Amino acid sequence: MPIDPVELSRELIAFNTINPPGNELGCITHLEKILAGAGLETSLQHFAPDRANLVARTGGAGSKLPLCFTGHVDTVPLGNAPWSVDPFAGEIIDGKMYGRGSTDMKCGVAAFVAATANMARQLEGTGGAVLVITAGEEIGCEGAFHLARAGMVGRAGAIVVAEPTSNAALVGHKGALWLRLTIKGVTAHGSMPHLGVNAAYKAARVLTALEAFQFNVAPHPYLGSPTLNVGTVRAGLNVNSVPDLAEIGVDIRSIPALDHSRIQEHLKAELGEDVLLQPIVDVGAVWTDPSSPWIRDVIEITRDVTGEDPGSEPRTAPYFTDASALTPALGNPPTIILGPGEAAKAHQTDEYCSVQRIREATDIYSRLAARWAASE
Ligand SMILES: [Zn+2]
């Protein structure tokens with residue numbers, strides 16, 4: 001019996017994999033059973049209690065590298081607003097499958113799992129496919145970095161990241177460098193401020209420097225310029241004391257020409273030795289030359305399946321993905337972001353994914369895998 005990607009989407013949505021804490025193990029072992037049952041070679045990487053990544057392979061004969069499909073199974077929390085549907089039921093209303101993680105990105109995972117499992121036989125004796133299914137993406141690609149560090153993914157010839165793009169082929173995204181800046185002072189009673197050193201005043205000077213900060217790098221032709229935003233500022237515990245600690249949360253979005261260690265050095269020089277910089281999230285930008293032959297194949301197949309004109313300008317994703325960790329680990333092959341979810345529905349109340357998009361994505365992935373297998 002072939003695996004139905006819509007049915008599988010519903011099964012995946014039924015697992016509560018809200019991160020934190022994640023608890024993705026049940027969902028991951030469910031996928032492992034399906035893939036092993038279809039004849040793929042699977043291996044799990046447990047990296048925390050009830051948390052694991054899954055790598056599954058089919059084919060892999062000869063010298064040709066496999067085509068990699070990747071996706072994550074954790075989701076963000078439900079949010080404060082009440083849902084109008086059960087977020088774990090995968091109910092279909094008017095051709096839309098509702099549920100937390102439908103768009104981002106269990107329907108995408110279901111689509112490539114169904115596509116590759118259903119053609120596992122056909123991929124034998126070819127370069128084949130490697131499926132990298134991660135836990136813990138939503139908090140800084142944690143799972144993918146565990147896999148990359150362990151050297152479990154091997155090499156791949158190209159990567160498809162099934163994050164939500166409404167089945168459009170996107171050729172890159174910015175990187176993210178989230179920093180916690182810590183500024184120290186000396187506390188004193190609020191009636192005698194001259195006896196202390198006020199960390200809030202020091203933080204104010206740091207904020208002014210951050211607002212004026214310049215990256216001094218030419219904009220990327222498609223990803224644009226890097227950005228810096230101060231997202232959080234905290235100082236002081238009570239109104240009648242001099243604060244001895246301030247913390248500033250900074251969100252930097254980078255482009256390929258900007259090395260993250262260089263940004264940190266530049267910031268240190270600008271802000272002074274007094275400010276401690278700690279990275280919270282550190283994921284690099286991803287970019288593939290849109291004129292590379294495989295990207296042209298992807299765009300052509302996608303146009304055939306969806307009937308939609310991709311336009312003449314290369315398109316990029318507003319968010320970052322596991323590709324930041326996986327593309328370098330897999331040997332920097334061409335990488336495309338292409339999945340059935342709608343980016344605008346990700347992380348929203350009443351998140352959904354179009355059933356038609358799930359079927360289209362499965363078709364696109366099958367054709368990509370078939371073309372890959374045939375191209376030796
Ligand atoms: Zn995602």
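This text goes through one mixed sheet, the helices packed on it, and a helix pair. The model is predicted, with local features needing pLDDT of at least 70 and side-chain atom pairs counting only at pLDDT 80 or more, while totals for chains, interfaces and linings use all residues. Residues are numbered from 1 along each chain as its sequence is written, and side-chain values use heavy atoms, leaving out hydrogens and water.

Helices (H or I, at least four residues) and strands (E, at least two) are DSSP runs, numbered from the N terminus. Two strands pair if DSSP finds at least two bridges between them. On that basis, six strands form an open sheet with mixed pairing, in the order β1-β2-β6-β3-β7-β14. β1 (41-48) and β14 are the edge strands, each pairing on one side only. On average, neighbouring strands of this sheet are turned by 15° against each other, direction ignored.

Strand β3 (residues 67-72) runs parallel to β7, and four bridges join the two. The bridge partner of F69 in β7 is V160. Strand β6 (residues 129-134) also runs parallel to β3, joined to it by six bridges; here L67 stands opposite A129 in β6. Helix α3 (residues 102-118) packs on the sheet, touching β3 and β6, and its direction makes about 150° with that of β3. Helix α10 (residues 355-374) packs on the sheet as well, touching β3 and β7, and its direction makes about 150° with that of β3. Contact means heavy atoms within 4.5 Å. Axes are lines fitted to C-alpha atoms, for helices over the stretch in contact, and angles run from 0 to 180 degrees between N-to-C directions.

β7 pairs with strand β14 (residues 335-337) in the parallel sense over three bridges, and the partner of I159 in β14 is T335. Both faces of β7 (residues 158-161) are covered: A158 and V160 on one side, and I159 and V161 on the other, are all buried (under 20% relative accessible area, 1.4 Å probe, protein chains only).

The helix pair consists of α1 (residues 5-13) and α2 (residues 25-37), whose axes come within 10 Å and cross at roughly 150°. The two are therefore roughly antiparallel to each other, a term for angles over 145 degrees. Their contact brings L8, E11 and L12 in α1 against C27, H30, L31 and I34 in α2. By class, this contact has five nonpolar, one polar and one charged residues. Nonpolar covers Ala, Val, Leu, Ile, Met, Phe, Trp, Tyr, Cys and Pro; charged covers Asp, Glu, Lys and Arg; the others, Gly among them, are polar.

Methods: Angles under 35 degrees count as roughly parallel, over 145 as roughly antiparallel, 65 to 115 as roughly perpendicular and the rest as oblique. Buried means under 20% relative accessible area, exposed over 50%, partly exposed in between (1.4 Å probe, protein chains only).
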